[in-house]
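Reader: Hello! I like to go slowly through one part of a model and see how the details hang together. Could you pick a part and take me through it closely?

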Amino acid sequence: MKNDKNTTTSVSPAPTSLARRSFLDYLLGSTALATLGAIVYPVFKFMSPPQIVESAENSVVAAKLSEVPVNSGKIFKFGNKPGILVHTATGEFKAFSAVCTHLECIVQYRDDTKQIWCACHNGQYNLSGNNIGGPPPRPLEEYQVNTRGGDVVVTKS
Amino acid sequence: MRLVKIVKIETLTKWLDERLTISSVVAMAQKKEVPLHRHSIWYYFGGMTLFLFCVQVVTGILLLLYYRPSSESAFESVQFIITEVKFGWLIRSIHSWSANLMIATLFIHMFSVFFLRAYYPPREITWLSGVFLLFIVVCFGFSGYLLPWNKLAFFATKVGTEIAGVVPIVGRPMLRFLRGGDDVTGATLTRFFGFHVAVLPATATVFLAIHVLLVQLHGMHVPKKYEHNYQRMKFFPNFILRDLIGWILAIGVLAALAALFPWELGEKADPFAPAPAGIKPEWYFLFMFQTLKWLPAKILGMDGEVLGIMAFNGVAFLLFLVPFIDRDPENRRRRLIFNVIGVIALLFIVVMTIVGYVT
């Protein structure tokens, strides 16, 4: 009986000490995690490049009339993206985004096939910008074209 | 006088040995043996890849003395290296050719390990570290390709990073991370330079150390067929001398290739010029390029290229799992299936590469 009492007395502090230990473990773990987070988060944010606001350019002079003879094309800058201006064989002006919808190569006008062509994976578009051959999944974005004096002006619709 | 010299060398050796335990390394090298059988020839390709990697490190450091990583000066600095710097054309050509040979020997090494089943337990981690090294080397090739900032490199990077970008969910953030923005610009060049000369070499060193250490730990794998019937060759000096002959041959081949077919620089990149006709990636990406070219625009309502890219990612992931799926040397049926898969994969790569090259 005496022994039992002794046993009880000696065992009783254990839960408190265990709880204290778990609490310290938890505290240590949280501190380690927080420290790791405080290091990783800024590093991660540093690595992802900041968003640069694109210039809200809605209209641009793509070329002089004399620069684009009939049945030819010209790449022009539309903000920081390339566009393509085509002077068709029938004398009409057409303009599209020059970024291929397949894997973002820059397209060009082919005067032999009278199509817009992407050299990277042989993507083909007609002069309405529709994807008609090769792997491109979508049409090219079309822009409005007007002539003003000697300039060809392209506007995002 | 001679005696004094010998005594001094012995004292120095003893002093070094006490601190670095060189004698244990020498003893290990003397004890190490290489199995001799019909397929022993494949053992040389790992060492050859490592040798070509060392060539890359040395020539890469030399190129760093002149290269300037910005869109305004990268092309001009490479032009300066190959036209003005003495032997610059040679160093640059060796760097480019050696990179290509290294990828070739790496592929041979990987396929030989695959077909000889050198990934069976306990060599799973050796295989894993090898697959990581394969991807690291491909990343080396991809990041290094942009550094001269020429037209081909510009479009290769545009397409390559866009391929990463079409992966669902993580694709877009990954694309922005790789490009340093939304488009391929000077920021991309700076990043790729950082990857190429700092991040990738550091990662490669770690995986290379693990890979080589594990090869030492487990020894060379002997195919099951020869397990009880093979001879042995001393690693030092017999095998290493044979390795050395291979390396000297490789230097000869590199010098010949660099002299006869100096690596072209091409035209400076212009972000507002159309992709040049006949544009193709490096030969080791050609099979993927050709597949993406042939895939229709839409497959089962999905964009063809997304499906193709996901399929390639799936295969790359499966490559890691090989030793965990085929782990029983006694399972002959599984061995046969893996052989068939390996042959189909090899044929696919070879045929698509040839088609991509000739069309």
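Author: With pleasure, and one term first: a residue counts as buried when its relative accessible area is under 20%, and as exposed when that area is over 50%. Please keep in mind that this is a predicted model.

A helix of chain B shows the term at work. Helix α6(B) is mostly covered, since 18 of its 23 residues are buried. Its length can be checked as well: helix α6, residues 124-146 of chain B, should span 33 Å at 1.5 Å a residue, and the end C-alpha atoms are 34 Å apart, which agrees.

The part I would like to look at closely is the group of cysteines in chain A. Over all chains, the structure holds one disulfide. This disulfide joins A:C105 to A:C120, with 2.0 Å from S to S. The angle about the S-S bond is -80 degrees, and the link of A:C105 and A:C120 is left-handed. The pair ties together distant parts of the chain, 15 residues apart: A:C105 sits in the loop between β4 and β5 (108-110), while A:C120 sits in the loop between β6 (115-118) and β7 (123-125).

Now bring back the cut-off of under 20%. A:C105 has a relative accessible area of 1%, so this residue is buried. A:C120 comes out at 3% and therefore counts as buried too.

Two further cysteines belong in this picture. A:C100 is in no disulfide, and the nearest cysteine sulfur, that of A:C118, lies 3.9 Å away. Why does A:C100 count as buried? Its relative accessible area is 4%, and the limit is 20%, so A:C100 is on the buried side. Seen from the other end, A:C118 has the sulfur of A:C100 as its nearest cysteine sulfur, at 3.9 Å, and is likewise in no disulfide. Sulfur atoms must be within 2.5 Å to count as a disulfide, which is why 3.9 Å does not qualify. A:C118 is buried, with a relative accessible area of 2%.

Strand β4, the element before the loop of A:C105, leads us to the sheet of chain A. Six strands make up an open, antiparallel sheet in the order β1-β10-β9-β4-β3-β2. At the edges are β1 (59-64) and β2 (72-78), each of which pairs on one side only. On average, neighbouring strands of this sheet are turned by 30 degrees against each other, direction ignored. Strands of a sheet pair through backbone hydrogen bonds, in a parallel or an antiparallel way. For β4 (residues 93-97) and β9 (residues 142-148) of chain A, the pairing is antiparallel over two bridges. A:F96 has A:E142 in β9(A) as its bridge partner.

Finally, look at the loop between β1 and β2 of chain A, where A:N71 lies. The side chain of A:N71 reaches the backbone oxygen of A:D111 at 3.3 Å. Leaving aside residues up to four places away in sequence, A:N71 touches A:H87, A:T88, A:A89, A:Y109, A:D111 and A:K114.

How values were computed. Residues are numbered from 1 along each chain as its sequence is written. Chains are lettered from A and ligands numbered from 1 in the order in which they are written. This is a predicted model: local features need pLDDT of at least 70, side-chain atom pairs count only at pLDDT 80 or more; totals for chains, interfaces and linings use all residues. Side-chain values use heavy atoms; hydrogens and water are left out. Two strands pair if DSSP finds at least two bridges between them. Helices (H or I, at least four residues) and strands (E, at least two) are DSSP runs, numbered from the N terminus. Axes are lines fitted to C-alpha atoms, for helices over the stretch in contact, and angles run from 0 to 180 degrees between N-to-C directions. Buried means under 20% relative accessible area, exposed over 50%, partly exposed in between (1.4 Å probe, protein chains only). The expected span of a helix is 1.5 Å times one less than its number of residues. A polar contact is a pair of N or O atoms within 3.5 Å; within protein, one must be able to donate a hydrogen and the other to accept it, and residues adjacent in sequence count only if both atoms are side-chain atoms. Contact means heavy atoms within 4.5 Å.
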